[in-house]
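The following questions and answers introduce a structure to a reader who has not met it before. Please keep the sequence and the model in view while reading.

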Amino acid sequence: MSWRSLTNSKTAPIASRPQSSALEAQGRRSRWSATAREGGAVAMATRARPWQLCSAGSAGAVALATSGAASAEGPGRPGQLQDETLGVASVPSQWRGVQGIRGKTKGCQTASIATAEACAQTQKHADAEVQTEAPVPAGVLPASQHDSPRLAAFLRRVEAIVIRELNKNWQSHAFDGFEVNWTEQQQTVTCLHTLGYPPAQGQGLHVTGVSWNTTGSVVACAYGRLDDGDWSTLRSFVCAWNLDRRSLNPRQPSVVVEVPSAVMSLAFHPTQPSHIAGGLYSGEVLVWDLSRPEDPLLWRTGLTDDTHTDPVYQVVWLPERRHSHRFQVLSVATDGKVLLWQGVGAGQLQLTRGFALVMQQLPRNTKLRKPHRGETEVGATAVAFSSFDPSLFVLGTEGGFPLKCSLAAEEAALTRMPASVPLRAPAQFTFSPHGGPVYSVSCSPFHRNLFLSAGTDGHVHLYSMLQAQPLTSLQLSHKYLFAVRWSPVRPLVFAAASGEGDVQLFDLQKSSQKPTVLIKQTQDESPVYCLEFNCQQTQLLAAGDAKGTVKVWQLSTEFTEQGPRETEDLDQLAAEVAI
């Protein structure tokens, strides 16, 4: 039946709906559903019989009446619409399962990748030339217009007066000893740098030695221990700082050398800025080249019959007798031996000469304590060479008495200590002893007969080579004195390092009883073990202490400028006779 025939039936006409609002009208609904399963699909079919749609009220609601083919009212009779909710039928897909069974796994392998290594070395060459311009001769200035006859007459008239005044100035002694110094005047002693190596300080190591290189720009320190204990297997260090670098890090040395034993002494080469020698607690002597940080070791003595059997407390570089441009290393130790080493091939230090201190062969010009039975060797703790006689040196000993010795000694030492060369007896003169071991000696660079010694009795003795008794004795500390050094520029100035944590600067021209300046190196009175003046930059003094710190002090001008008649005063002091 068509839609038009439905409208002409007995049912009421359908109310018209606005086209703009399809939601306000309800369509015809009929209920006839059938469910069919075919291949897992659900099909819904609905057959409807329309009835009248009627409207009621101004709201324009539309009601749709339909008659089901199989309603409860019976066949051919209209019935009211009802909503029903049917269950959902779920049919699993058989196709997916079949496809999963048919799945296959396949793999593939690419061909192996070929690899190759190649290296290339390029070289860079650069040439540069600088040519200064040829000097242009200064043009001769035209003579000024002047009255030549009158000028000549004036010069002849004043000639005799000018010559007479020049002769007076030439004969005057008003400026004797005066040297022009263009540097800025320094009024106080100040600390320029506080240097240290944290890994060494973390092990509780002491600074046992300091040394300046030949240029005066690099300071090096040795780390070890000076207190009681067996430090032969203690890993230690040699550290160096270049103070001229702008990027100076006081906690990071420029060079660090690890050493298998505690380092007790240190000395830079006199002409090679990067070569440095060290004496170890184990008795070995080593030489390093600091310009090769990856492999700095140049020579070593090794553990042979020639090696020291006790700690090496000082090393010194000496020129060879026949070749002054070549140097040897001299070492002193508490086993009583003084040994001279020469670097040879294969990184070895070879013994060239040796000396031994035997109690029975010491000169008896002064009263010494009697040795214990069986005691023969005299332990050496310090050495200093004369600036005027390269064969003359002074030794400090464990017994407290300084010894005047000579490298030219020919007498054989009465010792059974093994050595590959004959050992000689070097002692020529014995000086009056300290109250304990002598830890440091220093020969004057301005007088051939004067030297200083410092010992555990807290005294500094000023000796003359010509007499046993000291010219003067100064008590600087109630504890040990570990180092004493003459100034390289002031004849009457010296410095001493004490066990009370201070560095004392003496000017004998001002006072011979008390220090001119007392520098506090450590705040907790930890000992100061070593100090060295800088011979190139004479205003600098380095000191090392038990805290593992090296402090570089800038001295005031009064300690760097020589005063008038200071050399004469030193000669007068040396001429005094001890009472």
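Q: Leaving aside neighbours within four places in sequence, with which residues is R485 in contact?
A: The model is a predicted one, in which local features need pLDDT of at least 70 and side-chain atom pairs count only at pLDDT 80 or more, while totals for chains, interfaces and linings use all residues. Residues are numbered from 1 along each chain as its sequence is written, and side-chain values use heavy atoms, with hydrogens and water left out. Contact means heavy atoms within 4.5 Å. By that rule, the partners of R485 are Q314, S440, V441, S442, F494, A495, L531, E532 and F533.

Q: Is R485 buried or exposed?
A: R485 lies in strand β27; helices (H or I, at least four residues) and strands (E, at least two) are DSSP runs, numbered from the N terminus. Buried means under 20% relative accessible area, exposed over 50%, and partly exposed in between (1.4 Å probe, protein chains only). Because its relative accessibility is 17%, R485 counts as buried.

Q: Which side chains does a polar contact join to that of R485?
A: A polar contact is a pair of N or O atoms within 3.5 Å; within protein, one must be able to donate a hydrogen and the other to accept it, and residues adjacent in sequence count only if both atoms are side-chain atoms. One such contact of R485, at 2.9 Å, is with S440. Another, at 3.0 Å, is with E532.

Q: Which parts of the chain does the salt bridge of E284 and R300 tie together?
A: A salt bridge is a side-chain nitrogen of Lys or Arg within 4 Å of a carboxyl oxygen of Asp or Glu, and for E284 and R300 the N to O distance is 3.0 Å. E284 lies in the loop between β11 (275-280) and β12 (285-289) and R300 in strand β13 (residues 297-300), so the pair ties together parts that are 16 residues apart in sequence.

Q: Is E284 buried or exposed?
A: Its salt-bridge partner R300 is partly exposed, with a relative accessible area of 27%. For E284 the relative accessibility is 6%, so E284 counts as buried.

Q: Which residues are joined into one network by salt bridges that share partners?
A: The side chains of K547 and D524 meet in a salt bridge (3.3 Å, N to O). That pair links the loop between β32 (540-545) and β33 (549-554), which holds K547, to the loop between β30 (517-520) and β31 (528-533), which holds D524, 23 residues apart. Elsewhere, salt bridges with shared partners give a network of R490, D507 and E566.

Q: How many residues apart are E566 and R490?
A: The side chains of E566 and R490 form a salt bridge (2.8 Å, N to O). This pair links distant parts of the chain, with E566 in helix α5 (residues 566-574) and R490 in the loop between β27 (481-486) and β28 (493-498); the separation is 76 residues.

Q: Which strands are the edge strands of the open sheet β6-β7-β8-β9?
A: This open sheet has 4 strands with antiparallel pairing, where two strands pair if DSSP finds at least two bridges between them. An edge strand pairs on one side only, and the edge strands here are β6 (206-212) and β9 (255-259).

Q: Over which residues does pLDDT stay under 50?
A: pLDDT is the predictor's confidence in each residue, from 0 to 100. The protein has a mean of 81, and 75% of its residues reach 70 or more. The stretch where pLDDT stays under 50 is residues 1-76.
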